[in-house]
Amino acid sequence: MVINKLSTGRRKTAIARVYLVEGKGVITVNKRPAAEYFPRLILQKSVKEPLELAKMLDRFDIHITVRGGGLTGQAGAI
């Protein structure tokens, strides 16, 4: 079963497009690993938290494109 899901999120001036694809839990932000794009752990946690709560973090790969705002706003949009 292949799941492709697109969702858009906004916070202040940041806009994020999030694609969920069945996979192993790889998260990329603007074609970079999430840990590299968001250097602060609190921002990395806010990106992962929804799937961690649903216990599905290791079932989906997440591909994100985000623009505008600062890193905190972008993490909130995601």
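A residue counts as exposed when its relative accessible area is over 50%, as buried when that value is under 20%, and as partly exposed in between. With this yardstick in hand, take K12: its relative accessibility is 76%, so K12 lands in the exposed class. The structure discussed here is a predicted model, and every value below is computed from it.

K12 sits in the loop that links β1 to β2. Its backbone is a bit of an oddball, with a phi near 50°, a positive value in a residue other than glycine. Most residues other than glycine have a negative phi, which is why such cases get picked out. K31 is another of them, with a positive phi of about 65° although it is not a glycine. This lysine belongs to the loop between β3 and β4. Like K12, K31 is put in the exposed class, because its relative accessibility of 84% is over the 50% cut-off.

Next comes the sheet. It is an open one, built from 5 strands in the order β1-β2-β5-β3-β4, and its pairing is mixed. At the edges are β1 (4–11) and β4 (32–33), each of which pairs on one side only. What does "mixed" look like up close? Strand β5 (residues 60–67) shows it from two sides. With β2 (residues 14–22), β5 pairs in the antiparallel sense over 8 bridges. Within that pairing, I15 stands opposite R67 of β5. With β3 (residues 27–29), β5 runs parallel, and 3 bridges join the two. Two of the partnerships can be named: T28 has H63 as its bridge partner in β5, and V29 has I64. As a general point, side chains in a regular strand alternate between the two faces of the sheet.

I64 is worth a second look. Leaving out residues up to four places away in sequence, I64 touches R17, V18, I27, T28, V29, N30, V47 and I78. I64 also turns up in the largest nonpolar core, which has 16 residues. Which members of that core touch the most other members? They are I27, V29, F38, V47, I62, I64 and V66. The elements that give two or more residues to this core are β2, β3, α1, α2, β5 and α3 (71–77), so helices and strands both contribute.

F38, one of those well-connected core members, is also half of an aromatic pair. A search of the whole structure finds 1 such pair. Its two rings belong to Y37 and F38; their centres are 5.0 Å apart and their planes meet at 85°, so the pair is edge-to-face. The reasoning is simple: planes over 60 degrees apart fall in that class. Both residues are tucked away from the surface as well. F38 has a relative accessible area of 0%, so it is buried, and Y37, at 13%, counts as buried too.

Right after F38 in the numbering comes P39, found in the loop between α1 (34–37) and α2 (41–53). Buried or exposed, where does P39 fall? With a relative accessible area of 57%, P39 is exposed. Not counting residues up to four places away in sequence, P39 touches Q44 and L71. R59 is another story: P39 and R59 are 20 residues apart in sequence and 24 Å apart in space, C-alpha to C-alpha.

Q44, the partner just mentioned, is part of helix α2. At 13% relative accessibility, Q44 counts as buried. Setting aside neighbours within four places in sequence, Q44 is in contact with A34, A35, F38 and P39. The link to A35 has a polar side to it: a polar atom of the Q44 side chain lies 3.5 Å from the backbone oxygen of A35.

Finally, there is the matter of charge. Side chains of opposite charge can pair when their charged atoms come close. How many salt bridges does a search of the whole structure find? It finds 1. The partners are E36 and R32, whose closest N and O atoms are 3.1 Å apart. Neither buried nor exposed in the strict sense, E36 has 47% relative accessibility and so counts as partly exposed. R32 is partly exposed as well, with a relative accessible area of 34%.

How values were computed: Predicted model: local features only at pLDDT ≥ 70, side-chain atom pairs only at ≥ 80, totals over all residues. Heavy atoms only, no water. Pairing = 2+ DSSP bridges. Helix = DSSP H or I, 4+ residues; strand = E, 2+ residues; numbered from the N terminus. Buried < 20%, exposed > 50% of the residue type's maximum accessible area, 1.4 Å probe, protein only. Contact = heavy atoms within 4.5 Å. Phe/Tyr/Trp six-rings, centres within 6.5 Å; stacked < 30°, edge-to-face > 60°. Salt bridge = Lys/Arg side-chain N within 4 Å of Asp/Glu carboxyl O. Polar contact = N/O pair within 3.5 Å; in protein donor to acceptor, adjacent residues only side chain to side chain. Core = buried A, V, L, I, M, F, W, Y, C linked by side-chain atoms within 4.5 Å.
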